[in-house]
Amino acid sequence: MKSFTKCFVVLILANMSVFCIHGVRAEAPVKVVSDCWKEETTQKKVECFLSRSDLDENGKQIIFNVIKTESNFRNIQSQILLPNGEYEDSHGVCQIHLPSHNITKEQAYNIEFCVNFMADKYKEGKMKI
């Protein structure tokens, strides 16, 4: 039994040394995804997140145009003043109306969430354009 163990250990060490000698390491392939958060402007972040979505080009263009129209790429609360003196409860670059959806302000201000939210609504046929 001892000789079997020694042979097994020698075999393992021999295989390890081959990898060390030749500088070969076994690793899973890594998928490189650009980091949209590193983009300098909000518009570039929106474009980056849209480019990563699985929407067709028409859908991407529609969402881009809606965001441009709604907020001009400003990540803010709506500037529409209601008769009661308060601002409309829509937030973020997509101007998501919080009372109409079950999301938080933090989600509405998250550009990636916003783009994905609009992409989902587009795919569901629920975007009113």
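This tour visits the disulfides and then the nonpolar core of a predicted model.

**Stop 1: the cysteines**

Select the cysteines and show their side chains. The structure holds 2 disulfides. Number the bonded cysteines in sequence order, and the pairing reads 1-2, 3-4. Take the two bonds in turn.

**Stop 2: Cys36 and Cys48**

Select Cys36 and Cys48. Their sulfur atoms lie 1.9 Å apart, and the two residues form a disulfide. This pair links distant parts of the chain. Cys36 sits in the loop between α1 (2-22) and α2 (42-52). Cys48 belongs to helix α2 itself, and 12 residues separate the partners.

Now look along the S-S bond. Which hand does the disulfide of Cys36 and Cys48 have? The torsion is about -70°, so it is left-handed.

Switch on a surface. Are Cys36 and Cys48 buried or exposed? Cys36 has a relative accessible area of 0% and is buried. Cys48 is buried too, at 8%. Both values fall under the 20% cut-off for burial.

**Stop 3: Cys94 and Cys114**

Move on to Cys94 and Cys114. This pair also forms a disulfide, with sulfur atoms 1.6 Å apart. Again, distant parts of the chain are linked. Find Cys94 in the loop between β1 (90-91) and β2 (96-97). Then find Cys114 in helix α5 (residues 111-123), 20 residues away in the chain.

Check the torsion about the S-S bond of Cys94 and Cys114. It is about 90°, so this disulfide is right-handed. Cys94 is buried, with a relative accessible area of 7%. Cys114 is buried as well, at 0%.

**Stop 4: the largest nonpolar core**

Keep Cys94 selected and add Val46, Ile63, Ile67, Val115 and Met118. These six touch the most other members of the largest nonpolar core, which has 24 residues. Cys94 therefore appears in both views: it is bonded to Cys114, and it is among these core residues.

Colour the helices next. Which elements give two or more residues to this core? They are α2, α3 (57-71) and α5. The most comes from α5, with 6 residues.

**Stop 5: Val115**

Finish by centring on Val115. Leave out residues up to four places away in sequence. What does Val115 then touch? Its contacts are Val46, Phe49, Leu50, Ile67 and Cys94. Val46, Ile67 and Cys94 also stand with Val115 in the list of core residues that touch the most other members.

How values were computed: Residues are numbered from 1 along each chain as its sequence is written. This is a predicted model: local features need pLDDT of at least 70, side-chain atom pairs count only at pLDDT 80 or more; totals for chains, interfaces and linings use all residues. Side-chain values use heavy atoms; hydrogens and water are left out. A disulfide is a pair of cysteine sulfur atoms within 2.5 Å. Helices (H or I, at least four residues) and strands (E, at least two) are DSSP runs, numbered from the N terminus. Buried means under 20% relative accessible area, exposed over 50%, partly exposed in between (1.4 Å probe, protein chains only). A nonpolar core is a set of buried Ala, Val, Leu, Ile, Met, Phe, Trp, Tyr and Cys residues joined through side-chain atoms within 4.5 Å. Contact means heavy atoms within 4.5 Å.
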